[in-house]
Amino acid sequence: MDFNNAVNRSLEIREAYHQLEKKYHGSEWAIEEDALAFLTDAALVGRLAMAHQERWPTGTDPEADLEHKIAESFWWLMVLGKRMGIDSEQALEKFLKKKEDKFL
């Protein structure tokens with residue numbers, strides 16, 4: 001999957017959610033609400049990682065749930081980056097380059 005394509009698809013999906021937010025609540029979520037939703041999903045990654053390692057009971061399929069929440073976390077990060085004027089692909093490239101220069 002092309003990174004820019006993933007970002008564009010993520011933004012289209014987020015816009016559909018914005019329409020639902022407007023319909024049911026009169027306004028779309030603020031950036032802070034998106035950030036809180038991301039943090040909630042990121043926390044669930046931690047709990048599902050524990051379940052995946054059989055350290056926390058869930059009663060569900062922890063592998064499928066973990067895959068979903070990790071992907072959803074990527075999605076949130078792309079959405080948040082765009083909403084705050086950050087190019088996610090460029091930011092990731094800069095981060096990786098910095099780490100490579102330091103450790104490789």
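In the predicted model, the side chains of His18 and Glu21 are joined by a polar contact of 3.0 Å. His18 belongs to helix 1, which spans residues 3–25. The relative accessible area of His18 is 5%; because this value is under the 20% limit, the residue counts as buried. Apart from its neighbours within four places in sequence, His18 is in contact with three residues: Glu28, Trp29 and Arg83.

Trp29, one of these contacts of His18, also takes part in an aromatic cluster. The other members of this cluster are Tyr17, Trp75 and Trp76, and the four residues are linked by ring pairs. In the structure, three aromatic pairs are found. A further aromatic residue, Trp56, has a charged partner: Arg47 lies over the face of its ring, at 3.6 Å from the ring centre.

Empty space in the model was also examined. A probe the size of a water molecule, rolled over the atoms, shows where such space is left. The largest pocket has a volume of about 380 Å³, and its lining is made up of 15 residues. Those nearest the centre of this pocket are Ser10, Ile13, Ala71, Glu72 and Trp75. Trp75 is thus named both in this central group and in the aromatic cluster.

Helix 1, the helix that holds His18, provides seven residues of the lining of the largest pocket, which is the largest share. Helix 3, residues 62–83, also contributes to this lining; helix 1 and helix 3 each supply at least two residues.

Technical notes. Residues numbered from 1 in each chain as written. Predicted model: local features only at pLDDT ≥ 70, side-chain atom pairs only at ≥ 80, totals over all residues. Heavy atoms only, no water. Helix = DSSP H or I, 4+ residues; strand = E, 2+ residues; numbered from the N terminus. Buried < 20%, exposed > 50% of the residue type's maximum accessible area, 1.4 Å probe, protein only. Polar contact = N/O pair within 3.5 Å; in protein donor to acceptor, adjacent residues only side chain to side chain. Contact = heavy atoms within 4.5 Å. Phe/Tyr/Trp six-rings, centres within 6.5 Å; stacked < 30°, edge-to-face > 60°. Lys NZ or Arg CZ within 6 Å of the ring centre and 35° of its normal. 1 Å grid on protein atoms, 1.4 Å probe; cavity = no way out; pocket = protein on both sides within 12 Å on 5 of 7 lines; lining within 4 Å. Points joined across faces, edges and corners; volume = space filled by probe spheres on them.
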